[in-house]
Amino acid sequence: MKIEIEERAGITVVRLAGEINSGTAEMVQEKLLELVEPGCKIALEMSDVTYISSVGLRTLLLLYRETSHQEGRSVLCGLTEMVYDTMFITGFLEFFETYTTCGEGPLALAGE
């Protein structure tokens with residue numbers, strides 16, 4: 001799992017690449033939760049995520065809850081078809097705003 005984090009005009013953009021599974025979810029969770037602060041705006045660019053397990057879904061749900069609790073916002077961008085289908089079938093897409101391209105999510109957060 002590769003994680004790249006950058007700031008773009010008050011928006012934290014996190015690029016994830018690889019699989020989010022039982023072997024990587026804890027590391028992903030630690031990195032993501034470090035970014036949560038009051039009013040934060042986090043865009044997860046997931047176009048290079050090839051697989052997400054139930055543990056990975058739980059990690060994203062925890063990010064959603066913590067971000068919401070801090071009156072922040074998190075969005076998902078560039079979901080692959082497999083990851084999108086997994087999140088759709090399990091109902092996880094109800095929690096997140098999703099954007100087709102990796103450029104749309106940060107733009108949506110910036111437009112607030």
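So, helix α2: G56, L57, T59, L60, L61, L63 and T67 are the buried residues there. Keep in mind that this is a predicted model. Those buried residues pack against quite a list of elements: β2 (11–20), α1 (25–34), β3 (41–52), β4 (73–77) and α3 (81–90).

Quick check on the geometry of α2. The helix covers residues 54–69, which is 16 residues, and at 1.5 Å a residue the expected span is 22 Å. The end C-alpha atoms sit 22 Å apart, so that agrees. Just after α2, E71 takes a positive phi, about 55 degrees.

Move on a little and you get to R73, in strand β4. Is R73 buried or exposed? Its relative accessibility is 18%, and the cut-off for buried is under 20%, so R73 counts as buried. What does its side chain join up with? The side chain of E97, through a polar contact of 2.7 Å.

Okay, aromatics. Searching the whole structure turns up four aromatic pairs. One of them is Y64 with F96, an edge-to-face pair, 5.6 Å centre to centre with 65 degrees between the planes. Y64 is in helix α2, while F96 is in the loop between α3 and β5 (97–99), so this pair ties together parts that are 32 residues apart in sequence. On accessibility, Y64 comes out at 26%, so partly exposed, whereas F96 is buried at 7%.

Then there's Y84 and F88. Their ring centres are 6.4 Å apart and the planes are at 10 degrees, so we call that pair stacked. Both residues are in helix α3, four residues apart, or about one turn of the helix. Remember the general rule: an α-helix has 3.6 residues a turn, so residues three or four places apart point the same way. Y84 is partly exposed, at 35% relative accessibility, and F88 counts as exposed, at 56%.

Back to Y64 for a second, please. Ring pairs link Y64 into a cluster with F92, F95 and F96.

Now the core. The largest nonpolar core has 25 residues, and the ones with the most contacts inside it are I42, L44, M46 and M87. Which elements give two or more residues to this core? That would be β2, α1, β3, α2 and α3. The biggest giver is β3, with five residues.

Let me zoom in on I42. Leaving out residues up to four places away in sequence, I42 touches T12, V14, L35, V36, L63, T67, R73, S74, V75 and L109. You've already met a few of those: L63 and T67 were on the list of buried residues in α2, and R73 was our β4 residue. There's also a second, separate core of seven residues, which includes I11, C77, Y99 and L109.

Last stop, N21, in the loop between β2 and α1. Relative accessibility here is 19%, so N21 counts as buried. What do we find around its side chain? There's a polar contact of 3.0 Å to the side chain of E19, and the N21 side chain also reaches the backbone nitrogen of G23 at 2.9 Å. Further along the sequence, again not counting residues up to four places away, N21 touches Y51 and S53.

That's my tour. Happy to go back to any of these on the screen.

Key
Residues are numbered from 1 along each chain as its sequence is written. This is a predicted model: local features need pLDDT of at least 70, side-chain atom pairs count only at pLDDT 80 or more; totals for chains, interfaces and linings use all residues. Side-chain values use heavy atoms; hydrogens and water are left out. The expected span of a helix is 1.5 Å times one less than its number of residues. Buried means under 20% relative accessible area, exposed over 50%, partly exposed in between (1.4 Å probe, protein chains only). Contact means heavy atoms within 4.5 Å. A polar contact is a pair of N or O atoms within 3.5 Å; within protein, one must be able to donate a hydrogen and the other to accept it, and residues adjacent in sequence count only if both atoms are side-chain atoms. Rings of Phe, Tyr and Trp (its six-membered ring) pair if their centres lie within 6.5 Å; planes under 30 degrees apart count as stacked, over 60 as edge-to-face and the rest as tilted. A nonpolar core is a set of buried Ala, Val, Leu, Ile, Met, Phe, Trp, Tyr and Cys residues joined through side-chain atoms within 4.5 Å.
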